Amino acid sequence: MRGNSYLFSSTDVLQPARVRCAVQAFWRFWLDAMAVRALAIESRHRRPPPPPPVQEEPTRATATEVGTPLGPAVTRTISAAGGVVETVDGSLRIDIPAGALASEQVVSIQPVSNHAHGNVGSAYRLGPEDISFASPVRLTFRFTPEQVLGTAPQLLRVASQTRDGFWELHEAVTLNTDEQTVSIDAAHFSDWSLVTGTLLSPQEA
């Protein structure tokens, strides 16, 4: 100091700037470190992406052999006024409404071996196969509690076998759990069966 004035060197003037640069560099380093740490934590807790879905082959229909007769057929002559044909044990009933037949016709129900997929109970051959109806007839299948072990009445459907051996599924059924019946309107005669789409194995344990 000379008199009342101070003398500053160039080093004294640059010192605050160096401090500011050092502080800024520290905070940048600290923020970068925190960002890296946050990314590391997130990567540890992030769940791996789910595997891609497995592409399953579409289910193809499979034809089966035609059932062989298991007993005599039940027959009844039905006129244009309509009528009912039913098996002896009541497991299948056919209601033919008035006007469905143009003239008198012998209608038959015969039990056959059941090759339908997911079959429940017996299959039945309804005849004559080439019969034509002016309006649908009502088929009513009766099931027992033993026949729905491993499945449920709500899963029951009806299937009919085509001429080339394939089974056609009919889902527009009416279920009556109190009477234990499944009904459907049919427009043709062939081999018919009660079926289910889901069956547990073993059926009980």
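Arg163 counts as exposed, at 73% relative accessibility, where exposed means over 50% relative accessible area, buried under 20% and partly exposed in between, with a 1.4 Å probe and protein chains only. Arg163 forms a salt bridge with Glu129, the closest N and O atoms being 3.9 Å apart; a salt bridge is here a side-chain nitrogen of Lys or Arg within 4 Å of a carboxyl oxygen of Asp or Glu. Because Arg163 lies in the loop between β7 (156-161) and β8 (167-170) and Glu129 in the loop between β5 and β6, the pair ties together parts that are 34 residues apart in sequence. Glu129, at 41% relative accessibility, counts as partly exposed.

The model is a predicted one, in which local features need pLDDT of at least 70 and side-chain atom pairs count only at pLDDT 80 or more, while totals for chains, interfaces and linings use all residues. Residues are numbered from 1 along each chain as its sequence is written, and side-chain values use heavy atoms, with hydrogens and water left out.

The chain holds 1 helix and 11 strands, and from the N terminus its elements follow the order α-β-β-β-β-β-β-β-β-β-β-β; helices (H or I, at least four residues) and strands (E, at least two) are DSSP runs, numbered from the N terminus. Of the 205 residues in the chain, 28% are buried. The chain exposes about 14100 Å², of which carbon and sulfur atoms supply 56%, the accessible areas coming from the Shrake-Rupley method with a 1.4 Å probe, and for residues only the protein chains shown count as cover. Among contacts (heavy atoms within 4.5 Å) between residues at least 6 apart in sequence, 67% join residues at least 24 apart.

The strands described next belong to an open sheet of 6 strands, ordered β1-β4-β5-β11-β7-β8 with antiparallel pairing, where two strands pair if DSSP finds at least two bridges between them. The edge strands of this sheet are β1 and β8, each of which pairs on one side only, and the twist averages 25° from one strand to the next; axes for such angles are lines fitted to C-alpha atoms, for helices over the stretch in contact, and the angles run from 0 to 180 degrees between N-to-C directions. At the β1 edge, strand β1 (residues 74-78) and strand β4 (residues 105-112) pair in the antiparallel sense over 5 bridges, and Val74 has Ile109 in β4 as its bridge partner. On from there, β4 pairs with strand β5 (residues 119-127), again antiparallel and over 5 bridges, with Ala123 in β5 as the bridge partner of Val112. These two strands, β4 and β5, form a hairpin with 6 residues between them, and Gly118 in the turn has a positive phi of about 70°. At the β8 edge, β7 and β8 pair in the antiparallel sense over 4 bridges, and the bridge partner of Val158 is His170 in β8.

A salt bridge also involves strands of this sheet: Arg125 and Asp191 are joined with their closest N and O atoms 2.7 Å apart. Since Arg125 lies in strand β5 and Asp191 in strand β11 (residues 191-196), the pair ties together parts that are 66 residues apart in sequence. Asp191 counts as buried, at 8% relative accessibility, whereas Arg125, at 24%, counts as partly exposed.

Another open sheet has 5 strands in the order β2-β3-β6-β10-β9, with antiparallel pairing. Its edge strands are β2 (83-86) and β9 (174-176), each pairing on one side only, and the twist averages 20° from one strand to the next. Within this sheet, strand β3 (residues 92-96) and strand β6 (residues 137-142) run antiparallel and are joined by 4 bridges, with Leu92 standing opposite Phe141 in β6. In a regular strand the side chains alternate between the two faces of the sheet.

The side chains of Glu86 and Arg93 also meet in a salt bridge (3.8 Å, N to O). Glu86 is partly exposed at 34% relative accessibility, and Arg93 is likewise partly exposed, with a relative accessible area of 31%. Salt bridges that share partners join Glu86, Arg93 and Asp95 into one network, and the count of salt bridges comes to 6.
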